[in-house]
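I opened a new page for today's structure. These are my notes on what I looked up, in the order I got to it.

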Amino acid sequence: MFDAKKLLDQFLGSQMPGSTGSIGQKGTDLIGMAKSNPWKTGALAAVLLGTRTGRSLGGGALKLGGLAVIAGLGYQAYKNYQSGQAPEPKQALPELLPPPSDSAFSTEPSAVSNDFAIGLLRAMIAAAKADGHIDAEERSRIMDKIHLSGLGSEAEAFIEGELAKPTDMDALIASAVTEEQKVELYTASRLAIEPDTRTERGYLDMLAGRLGLADALVEHIEATVSSAKVSL
C-alpha cells in the first residue's frame, strides 16, 4: 500500500519528488526540476484542475506537510467557530502551524490512520472532478503528466481509479467519523478547488450537508481556506 500521507504532501505541493534538504536547497532543486520536468514542480491538485482556479496556497502553508495543512486550517476554523468569532475571509491568515498534539486535529501518526489519509485524497479528487470537466480524454492527459511526477505505480493506480469511477459519496462521508474528521474532509475538498461554478459550489454545499456541518462552521472553513490562498 502506498503512503497516503506522503501523497497528500504532493497533492498540495509541499513535498515534490526529489526535493530534499534545506528550504534554500529545495528552491534550487525545484528550479532545476522546472527546467527538466515542469510537472514535478506543480502540486498534483493543480495537475488535476489545470490553471482554472487561479489561486494557490501561500508559502507559509507550504512549509508544512499536506496533512498538517489540512489539519491546521481545519483546527483554526473550528477554533474560531467555537469561540463565536465572525468569519473574516479577507483577513490575512497568520503563520499556519500544525494543530497541538493533544487536539483531536492532531497529525501524530497514532492519531491519523493511512485509511483516513486516503479518504482525504478521495475527497480532493472528488471535488476536482465535481464539475464533470474530467472526461476520458482529459483523464488520459492527466495520467500522462502524473506518470512524469514519479509517484510510483500504486499511487498512480489509485489516482487513475479514483478519476475513472463515479464518486461514492456514501463511502466518502463514512470515512469521517468524528466532527474534527468531517471538518478536515470538507477542508481538503475546499482546498482542491475554487468553487467558481454553480456545480462546484453545489457539490461543496451538498458535501457540507451530508457531513452535517453547521452553516456557521462551513463559513469559517471557507474564510480560513480563502485567507490561506494567494492569487497566482
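**Entry 1: a helix to start with**

I began with α11, and I listed its buried residues: Leu217, Val218, His220, Ile221, Glu222, Ala223, Thr224, Val225, Ser227 and Ala228. That makes ten of the 14 residues in α11, so the rest of the structure largely encloses this helix. I also checked how far α11 reaches: from first C-alpha to last the span is 20 Å, close to the 20 Å expected at 1.5 Å a residue.

Note to self: this is a predicted model, so everything I write down here is computed from that prediction.

**Entry 2: the whole chain**

I stepped back to get my bearings. How many helices and strands does the protein chain have? I found eleven helices and two strands. Going along the sequence, I wrote the pattern down as α-α-α-β-α-α-α-α-α-α-α-α-β.

Next I looked up burial for the protein chain, which has 232 residues, and 47% of them count as buried. The chain exposes about 11000 Å², and carbon and sulfur atoms supply 52% of that area. I also looked at contacts between residues at least 6 apart in sequence: 80% of them join residues at least 24 apart.

**Entry 3: the nonpolar core**

I remembered from class that nonpolar side chains tend to be buried together in soluble globular proteins. Here the largest nonpolar core has 56 residues, and Leu7, Ile159 and Tyr186 have the most contacts inside it. Helix α5 (residues 114–128) gives this core its largest share, ten residues.

**Entry 4: α9**

Tyr186 sent me to α9, where this residue is on the buried list. How many of the 14 residues of α9 are buried? I got twelve, so I noted the helix as mostly covered. Besides Tyr186, the buried residues include Val183, Leu185 and Leu191, and also charged-looking names such as Glu180, Glu184 and Arg190. From its first C-alpha to its last, α9 reaches 20 Å, close to the 20 Å expected at 1.5 Å a residue.

**Entry 5: salt bridges**

Side chains of opposite charge can pair when their charged atoms come close. I went looking for such pairs and found that the structure holds eight salt bridges.

One of them joins Glu222 and Arg190, with the closest N and O atoms 2.7 Å apart. This pair links distant parts of the chain, because Glu222 is in helix α11 (residues 215–228) and Arg190 is in helix α9, 32 residues apart. Both Glu222 and Arg190 are buried.

Glu222 turned up again in a salt bridge with Arg201, at 2.9 Å from N to O. This one also links distant parts of the chain: Glu222 sits in helix α11 and Arg201 in helix α10, 21 residues apart. I then saw that salt bridges sharing partners join Arg190, Glu194, Arg201, Asp205 and Glu222 into one network.

Is Glu222 buried or exposed? Its relative accessibility is 14%, and buried means under 20%, so Glu222 counts as buried.

Arg201 has a salt bridge with Asp205 too, with 3.4 Å between the closest N and O atoms. Arg201 and Asp205 are four residues apart in helix α10, so about one helical turn separates them. Arg201 comes out at 25% relative accessibility, so I marked it partly exposed. Asp205 is at 45%, so it also counts as partly exposed.

**Entry 6: Glu194**

The network made me look up where Glu194 lies. I found Glu194 in the loop between α9 (179–192) and α10 (198–211). The side chains of Glu194 and Arg190 are joined by a polar contact of 3.2 Å. Glu194 has a relative accessible area of 13%, so even in a loop it is buried.

**Entry 7: a glycine**

Last stop: Gly66, which is found in helix α4 (residues 66–82). Its relative accessibility is 0%, so I put Gly66 down as buried. Which distance did I note for Gly66 and Leu8? They are 58 residues apart in sequence, yet 4.9 Å apart in space, C-alpha to C-alpha.

Note on methods:
Residues are numbered from 1 along each chain as its sequence is written. This is a predicted model: local features need pLDDT of at least 70, side-chain atom pairs count only at pLDDT 80 or more; totals for chains, interfaces and linings use all residues. Side-chain values use heavy atoms; hydrogens and water are left out. Buried means under 20% relative accessible area, exposed over 50%, partly exposed in between (1.4 Å probe, protein chains only). A polar contact is a pair of N or O atoms within 3.5 Å; within protein, one must be able to donate a hydrogen and the other to accept it, and residues adjacent in sequence count only if both atoms are side-chain atoms. The expected span of a helix is 1.5 Å times one less than its number of residues. A nonpolar core is a set of buried Ala, Val, Leu, Ile, Met, Phe, Trp, Tyr and Cys residues joined through side-chain atoms within 4.5 Å. Contact means heavy atoms within 4.5 Å. Accessible areas come from the Shrake-Rupley method with a 1.4 Å probe; for residues, only the protein chains shown count as cover. A salt bridge is a side-chain nitrogen of Lys or Arg within 4 Å of a carboxyl oxygen of Asp or Glu.
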